[in-house]
Amino acid sequence: MSAKLIFSDIDGTLINDELKVTPKTRDAIRHQIIAGNIFIPASARLPKGIMTAVGQILTVFPMIAYNGALALDETGRALITRFFNAKEAAEICHYVEKQNNGSAWNIYSGYVWYCAKEKSPLVEHEEKIVDVKATPVTVDQIEQLQGVHKALIMGKPEELDRMQKELIKKFPDLSFVRSSRTLLEVVLNGVSKASAVAILAKEYKVPLKDCIALGDNYNDEEMLEEVGHPILMGNAPVELKEKIGLDHVTLDNNHDGIAEALAEFE
């Protein structure tokens, strides 16, 4: 049996810890495409950051960016675009700056990634990971944007735990989800990889029961629950493995977990 749509997270899933798609994983995905299936990355990354990773396998592909706030078909046509208010984004930036705890704010609108004028080492580290440069701006400039697809707060895990609780109370219309211990993602309520997967499955006329989803963290949980064939990477948190089910766990991202999982669908 071969699923027709294959949704995959990128960081910790598609790429290994050296930020590479292994040859075995690349070949397994290409084999699925030759068989007539469609590979769709689903990531918290911005579109350019998705392209740098998936470009190791394909040059043209549909994608889900910003945890589902933006989705594009293979021609670049927007299938989903869900903004939140730039004034709220600016308030989040001010909040992060007032904490004075080493955390850094990031704002994403369309194809552009914005950061504080004084670029944090945390932002510089993320630039190396996604191979995209952030644009330094003032918070006042953030407030002038037409809308915001995603905000991202980088910081120490214990500080993010505290800020996440406070921000949930301050902004009830927004969703705050961890994509890693050091990253807190912010999107409009109702935006998720799962909602985007459902929309794209409808667009491509493929039942969700025939879709595969691969992920490794809590921002993948709803997406995994949405499809007929969820696959969790071996490097996922133990709690998430227990929730999704140990029979849906493959090898980790450094040991061709995707290739191992897709072989089961031959």
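Two strands pair if DSSP finds at least two bridges between them. With that criterion in hand, the tour of this predicted model may begin at strand β12.

**First stop: strand β12 and its partners**

Select residues 211–215, which make up strand β12. Of its 5 residues, 5 are buried, so the strand is largely enclosed by the rest of the structure. Next, add residues 5–8, strand β1, to the selection. The two strands, β1 and β12, run parallel and are joined by 4 bridges. One point to locate is Leu5, whose bridge partner in β12 is Cys211.

Now add residues 229–232, strand β13. This strand is likewise joined to β12 by 4 bridges, and the two run parallel. Here Ala213 stands opposite Pro230 of β13.

Display the side chains of β12. In a regular strand, side chains alternate between the two faces of the sheet. Cys211, Ala213 and Gly215 point one way, while Ile212 and Leu214 point the other way, and all are buried.

**Second stop: the sheet β3-β4-β5**

Move to the open sheet of 3 strands, in the order β3-β4-β5 with antiparallel pairing. Which strands stand at the edges? They are β3 and β5 (78–81), each with a single partner strand, so one side of each is left without a neighbour in the sheet. Neighbouring strands of this sheet are turned by 10° against each other on average, direction ignored.

Select β3 and β4 together: 3 bridges join these antiparallel strands. Among the residues to label is Met63, whose bridge partner in β4 is Leu72.

Two helices can then be added to the view. Helix α2, residues 47–54, lies across β3 and β4 and runs at about 135° to β3. Helix α7, residues 193–203, packs on the sheet and touches β3, β4 and β5. The direction of α7 makes about 155° with that of β5.

**Third stop: an aromatic cluster**

A pair of aromatic rings is described by the distance of the centres and the angle of the planes. The count for this structure comes to 2 aromatic pairs.

Select Tyr66 and Tyr108 for one of them. Their ring centres are 5.6 Å apart and their planes lie at 50°, so the pair is tilted. This pair links distant parts of the chain: Tyr66 belongs to the loop between β3 (63–65) and β4 (70–72), whereas Tyr108 belongs to strand β6 (residues 104–109), 42 residues apart. Tyr66 is buried, with a relative accessible area of 0%, and Tyr108 is buried at 3%.

Add Trp113. The rings of Tyr108 and Trp113 have centres 5.7 Å apart and planes at 20°, so this pair is stacked. Trp113 is buried, with a relative accessible area of 1%. Together, Tyr66, Tyr108 and Trp113 form one aromatic cluster.

Finally, show Lys150. Its charged end sits over the ring of Tyr108, 4.5 Å from the ring centre.

**Last stop: two cysteines**

How many disulfides does the structure hold? The number is 0. To examine this, select Cys93 and Cys115. Cys93 is in no disulfide, and the nearest cysteine sulfur is that of Cys115, 10 Å away. Seen from Cys115, the closest cysteine sulfur is in Cys93, and the 10 Å between them is too far for a bond, since a disulfide is a pair of cysteine sulfur atoms within 2.5 Å. Cys93 is buried, with a relative accessible area of 0%, and Cys115 is buried at 1%.

Terms used
Residues numbered from 1 in each chain as written. Predicted model: local features only at pLDDT ≥ 70, side-chain atom pairs only at ≥ 80, totals over all residues. Heavy atoms only, no water. Phe/Tyr/Trp six-rings, centres within 6.5 Å; stacked < 30°, edge-to-face > 60°. Buried < 20%, exposed > 50% of the residue type's maximum accessible area, 1.4 Å probe, protein only. Lys NZ or Arg CZ within 6 Å of the ring centre and 35° of its normal. Axes fitted to C-alpha atoms, helices over the stretch in contact; angles between N-to-C directions. Contact = heavy atoms within 4.5 Å.
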